[in-house]
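Colleague: I would like a close look at a single part of this model, followed outward into whatever surrounds it. Please take it slowly and keep the reasoning in view.

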Amino acid sequence: MTYTSRVFNHSKKLRNAPNLLRQEHSTLVRQFSNKARPFSSKGDDILKIPGERYRDCNSPSTASFGHTYRAINTDTITSLGIFKGNVSRTAMKMGIPVTGSLLSKGFSGSCMHLRRGFSSDSGLPAHQKIGMPSLSPTMTEGSIARWLKKEGDKISPGEVLCEVETDKATVEMECMEEGYLAKIIQGDGAKEIKVGEVIAITVEEEEDIAKFKDYKPSPSDAAAESKGSSDSTPPKKEEVKEEPTSSPEPKSSKASAASSTEGRIFASPLARKLAEEHNVPLSSIKGTGPDGSIVKADIEDYLASRGKEGSLTAPKVTDTMALDYTDLPHSQIRKITASRLLLSKQTIPHYYLTVDTCVDKLMDLRSQLNSIQEASGGKRISINDLVIKAAALALRKVPQCNSSWTNDYIRQYHNVNINVAVQTDNGLFVPVIKDADKKGLSKISEEVKQLAQKAKENNLKPVDYEGGTFTVSNLGGPFGIKQFCAIINPPQSGILAIGSAEKRVVPGTGPDEFKFASFMSVTLSCDHRVIDGAIGAEWLKAFKSYIENPESMLL
């Protein structure tokens with residue numbers, strides 16, 4: 001009743017609302033305020049009181065276009081049965097921002113940032129802003145691999161708009177509404193696009209496409225993005241009185257008090273990143289962005305001024321000291337690999353157990369199985385396939401190693417899913433063989449080859465690498481590495497490093513007898529929070545037993 005009364009209280013400003021309400025069987029609320037900012041709503045908070053902020057799926061607030069419009073979440077309203085017609089189209093006619101979750105191919109529950117707006121200042125027609133979607137739990141930014149649709153193309157639900165390179169794979173982003181692709185903001189190859197940042201504009205009418213030919217995102221969009229990571233409560237600005245100084249400061253340095261609220265400094269994510277890279281204290285920068293926040297240009301101006309000052313005193317580098325080098329940009333997979341491995345070494349107490357296993361019987365069994373495979377037209381089985389099977393059976397025998405650590409408990413998995421490390425030109429991938437303990441060797445071999453090929457083509461989907469409980473890394477067969485220690489892949493608690501096999505002389509039964517045998521070194525890296533030394537040794541004993549008596553794996 002509260003929201004209905006608001007509609008009638010503002011009936012003079014909502015002249016067309018009654019007709020729309022009767023036609024669409026819906027309830028729309030529009031609040032007028034020159035100070036409050038609109039927001040995206042989700043869940044039960046369909047309509048908020050003026051002055052409050054709310055964020056949907058980590059997206060920045062919707063941009064301000066003259067009057068303030070409250071956002072409506074199409075998923076929530078439709079599920080509640082309030083709307084029976086086309087919710088987004090009805091809201092779009094009134095200029096009310098609309099948000100809703102969209103699905104990208106291969107993902108369930110992923111969040112695409114979608115905003116509708118109407119600008120009376122620039123005279124632009126009703127349009128929809130598509131933001132960089134959040135396609136994985138660890139994704140903070142992404143890159144546009146390529147656009148499959150061009151500006152001016154008609155788009156329909158289910159069609160692929162573009163391919164997005166996430167922190168783990170390249171994923172197709174689908175369209176969920178019919179319309180036209182009016183403007184591509186971030187073109188092919190655009191990198192380091194923050195989640196929620198506008199990448200394209202769509203319209204419903206074909207004649208509106210030309211009006212977005214020279215369109216550029218407004219500064220309010222950038223401000224909304226930087227504010228999206230701040231607290232939901234609007235900060236109160238403190239007045240900072242600047243005392244006059246005897247000598248004027250360089251204008252470009254902006255070396256004065258930073259914009260802060262109760263000691264907190266507000267800066268966009270890109271500005272913070274740039275400041276960290278160049279070791280610039282944010283407290284020495286005066287922001288020129290919305291509400292005094294620090295933006296990228298402020299950091300660049302400060303660095304430029306500092307560079308001029310430093311050039312007067314810095315010694316000149318002679319040609320003999322110059323180095324020839326090339327700076328290679330980080331790929332998304334390289335960034336996430338670096339951050340996860342650093343986190344693993346800093347937070348997980350590693351310890352390592354190494355054992356040598358005789359692989360003569362394993363190689364004989366492999367030769368017999370490959371003869372059968374060739375006769376039946378199947379694919380050849382590798383030593384790595386046998387190792388994966390042995391590791392899976394050992395995990396089933398010693399389930400304590402098939403676990404992960406949390407702050408409240410140790411989670412022991414009932415599924416044995418083995419990740420297999422695959423090195424490609426694009427970086428390191430770890431596709432998963434699910435329920436490896438229940439699959440035959442031919443099935444494991446087939447899946448490993450298929451996933452390795454998809455990894456090399458950079459076409460892995462989340463289902464291909466998520467859900468692993470243990471990892472196997474083999475540098476022995478492909479590269480001849482004798483022995484190495486691998487870094488645990490969190491949240492897992494163990495990883496097995498496989499070295500190369502080599503022939504050794506071993507004593508025979510008699511005093512002067514000897515024979516040759518092939519041995520392979522394997523090293524188990526364990527998380528000591530989960531796996532005690534004796535448990536790790538028990539697992540290695542079981543693994544060695546399967547490798548040295550491979551017939552037992554077939555039982």
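Is Asp 527 buried or exposed?

Modeller: The model is a predicted one, and in it Asp 527 has a relative accessibility of 1%, so this residue counts as buried. The side chain of Asp 527 meets that of Arg 529 in a salt bridge, with a distance of 2.8 Å from N to O. Arg 529, for its part, is partly exposed, at a relative accessible area of 33%, so the bridge joins a buried residue to a partly exposed one.

The strand that reaches Asp 527 is β23, which covers residues 514–527 and also holds Phe 516. Phe 516 has a relative accessibility of 57% and therefore counts as exposed, since the cut-off for that word is over 50%. Together with Val 505 and Phe 514, Phe 516 makes up a nonpolar patch on the surface, and the accessible area of these residues together is about 360 Å².

From the surface we can turn to the interior. The largest nonpolar core has 54 residues, and Val 522 is listed among those with the most contacts inside it, along with Val 387, Ile 418, Phe 470, Leu 496, Trp 539 and Phe 543. The element that gives the most to this core is α10, with nine residues. Trp 539 shows how residues from separate places in the sequence meet here: leaving aside neighbours within four places, Trp 539 is in contact with Ala 391, Ala 394, Leu 395, Val 398, Cys 401, Phe 470, Leu 496 and Leu 524. Apart from this core lies another, of 20 residues, which includes Ile 130, Val 171, Cys 175 and Ile 184. Cys 175 is buried at a relative accessible area of 6%, and Cys 162 is buried too, at 0% relative accessibility. The count of disulfides in the model is nonetheless zero.

Leu 496 also leads to Ser 473, a residue of strand β21, which runs over residues 470–474. Beyond the residues up to four places away in sequence, Ser 473 touches Leu 496 as well as Ala 421, Phe 484, Ile 495, Ala 497 and Ile 498. With a relative accessible area of 12%, Ser 473 is buried, because the limit for that class is under 20%.

To set the bridge of Asp 527 in context, the salt bridges in the model number 18. Another of them is formed by the side chains of Arg 396 and Asp 437, at 3.7 Å from N to O. That pair links distant parts of the chain, 41 residues apart, with Arg 396 in helix α10 (residues 383–397) and Asp 437 in the loop between β20 (432–433) and α11 (441–456). Asp 437 is buried as well, with a relative accessibility of 7%.

A further bridge connects Glu 192 with Lys 335, whose closest N and O atoms are 3.0 Å apart. Because Glu 192 lies in the loop between β9 (179–184) and β10 (193–194), while Lys 335 belongs to helix α8 (residues 332–347), this pair ties together parts that are 143 residues apart in sequence. Glu 192 counts as partly exposed at 38% relative accessibility, and Lys 335 is likewise partly exposed, with a relative accessible area of 22%. Both residues take part in a network of salt bridges that also links Glu 141, Lys 194 and Lys 273.

Methods: Residues numbered from 1 in each chain as written. Predicted model: local features only at pLDDT ≥ 70, side-chain atom pairs only at ≥ 80, totals over all residues. Heavy atoms only, no water. Helix = DSSP H or I, 4+ residues; strand = E, 2+ residues; numbered from the N terminus. Buried < 20%, exposed > 50% of the residue type's maximum accessible area, 1.4 Å probe, protein only. Contact = heavy atoms within 4.5 Å. Patch = residues over 30% accessible without salt bridge, like charges linked within 9 Å, V, L, I, M, F, W, Y side chains within 5 Å. Areas by Shrake-Rupley, 256 points an atom, 1.4 Å probe, with all protein chains shown as cover. Salt bridge = Lys/Arg side-chain N within 4 Å of Asp/Glu carboxyl O. Disulfide = S-S within 2.5 Å. Core = buried A, V, L, I, M, F, W, Y, C linked by side-chain atoms within 4.5 Å.
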